[in-house]
Amino acid sequence: VQLQASGGGLVQPGGSLRLSCTASGRISSINTMGWYRQAPGKQRELVAFVTRGGTANYADSVMGRFTISRDNAKNTVYLQMNSLKPEDTAVYYCNADVRRVGFLRFDDYWGQGTQVTVSS
């Protein structure tokens, strides 16, 4: 199973970006999908996650500015980021709880990370 993230880049404060992450491989089912971020010198932190049924949860720091969504048919999770601030600058990682074909358990998988830089 691989998670491929895309959509990062450089944006001015107040701008928007949309991140995407697609899971591929011998996938039977995906439970929770989410986004984390890690800024230089800081620990990785949860940004948002969404259940298979579409229930979303957000970190307080992004509530009202970011929207997480998913397309179960495409095994893809999105993060729409609006009103971006310099403090949102970080490497963003996608995460998925995946059950592979032929297995009963769910395992945790991570994408490679995509850089988001908010600067004027």
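This report describes the fold of one protein chain, its disulfide, and a handful of its residues.

## The chain as a whole

The model is a predicted one, and its protein chain contains 0 helices and 11 strands. Read from the start of the sequence to the end, the elements therefore follow the pattern β-β-β-β-β-β-β-β-β-β-β. The radius of gyration of the protein chain is 14 Å, close to the 14 Å that the globule rule gives for 120 residues, so the chain is as compact as a globular protein of that length. Along its principal axes, the C-alpha trace of the protein chain spans about 50 × 25 × 20 Å.

Of the 120 residues in the protein chain, 39% are buried. The surface that the protein chain exposes comes to about 6400 Å², and carbon and sulfur atoms supply 46% of that area. The protein chain carries 13 positive and 8 negative side chains, and the centres of these two sets lie 6 Å apart. If one takes the contacts in the protein chain between residues at least 6 apart in sequence, 55% of them join residues at least 24 apart.

## The disulfide

How many disulfides does a search of the whole structure find? The search finds 1 disulfide, and it is formed by Cys21 and Cys94, whose sulfur atoms are 2.0 Å apart. Cys21 lies in strand 3 (residues 17-24) and Cys94 lies in strand 9 (residues 90-100), so the pair ties together parts that are 73 residues apart in sequence. In general, a disulfide is a covalent bond between the sulfur atoms of two cysteines. The torsion about the S-S bond of Cys21 and Cys94 is about 50 degrees, so this disulfide is right-handed. Are the two cysteines, Cys21 and Cys94, buried or exposed? Both Cys21 and Cys94 are buried.

## Strand 3, strand 4 and the loop between them

Strand 3, which holds Cys21, is also where Ala23 is found. Ala23 is buried, with a relative accessible area of 5%. Although Ala23 and Leu3 are 20 residues apart in sequence, their C-alpha atoms are 4.4 Å apart in space. Leaving aside neighbours within four places in sequence, Ala23 is in contact with Gln2, Leu3, Ile30 and Asn75.

The loop between strand 3 and strand 4 contains Arg26. Why does Arg26 count as exposed? Its relative accessible area is 61%, and because exposed means over 50%, Arg26 falls in that class. Once neighbours within four places in sequence are left aside, Arg26 is in contact with Arg100 and Val101. Arg26 and Asn82, on the other hand, are 56 residues apart in sequence and 34 Å apart in space, C-alpha to C-alpha.

Ser29 lies in strand 4 (residues 27-38), and at 14% relative accessibility Ser29 counts as buried. Leaving aside neighbours within four places in sequence, Ser29 is in contact with Arg52, Asp97, Val98, Arg99 and Phe106.

## Residues in two later loops

Asn75, already named as a contact of Ala23, is found in the loop between strand 7 (66-71) and strand 8 (76-81). Phi of Asn75 is near 50 degrees, which is a positive value in a residue other than glycine. Ser83 is found in the loop between strand 8 and strand 9, and phi of Ser83 is likewise near 50 degrees, again a positive value in a residue other than glycine.

Asp88 also lies in the loop between strand 8 and strand 9, and the C-alpha atoms of Asp88 and Val77, 11 residues apart along the chain, are separated by 19 Å. Leaving aside neighbours within four places in sequence, Asp88 is in contact with Arg37, Arg65, Phe66, Ser83, Val116 and Val118.

The table below sets out the accessibility of these loop residues.

| Residue | Relative accessible area | Class |
|---|---|---|
| Asn75 | 22% | partly exposed |
| Ser83 | 41% | partly exposed |
| Asp88 | 0% | buried |

Since buried means under 20% relative accessible area, Asp88 at 0% belongs to that class, whereas Asn75 at 22% is partly exposed.

Methods: Residues are numbered from 1 along each chain as its sequence is written. This is a predicted model: local features need pLDDT of at least 70, side-chain atom pairs count only at pLDDT 80 or more; totals for chains, interfaces and linings use all residues. Side-chain values use heavy atoms; hydrogens and water are left out. A disulfide is a pair of cysteine sulfur atoms within 2.5 Å. Helices (H or I, at least four residues) and strands (E, at least two) are DSSP runs, numbered from the N terminus. Buried means under 20% relative accessible area, exposed over 50%, partly exposed in between (1.4 Å probe, protein chains only). The radius of gyration is taken over C-alpha atoms; the globule rule is 2.2 Å times the number of residues to the power 0.38. Contact means heavy atoms within 4.5 Å. Accessible areas come from the Shrake-Rupley method with a 1.4 Å probe; for residues, only the protein chains shown count as cover. Lys and Arg count as positive and Asp and Glu as negative; His and the chain ends are not counted. The place of a charge is taken as NZ of Lys, CZ of Arg, CG of Asp or CD of Glu.
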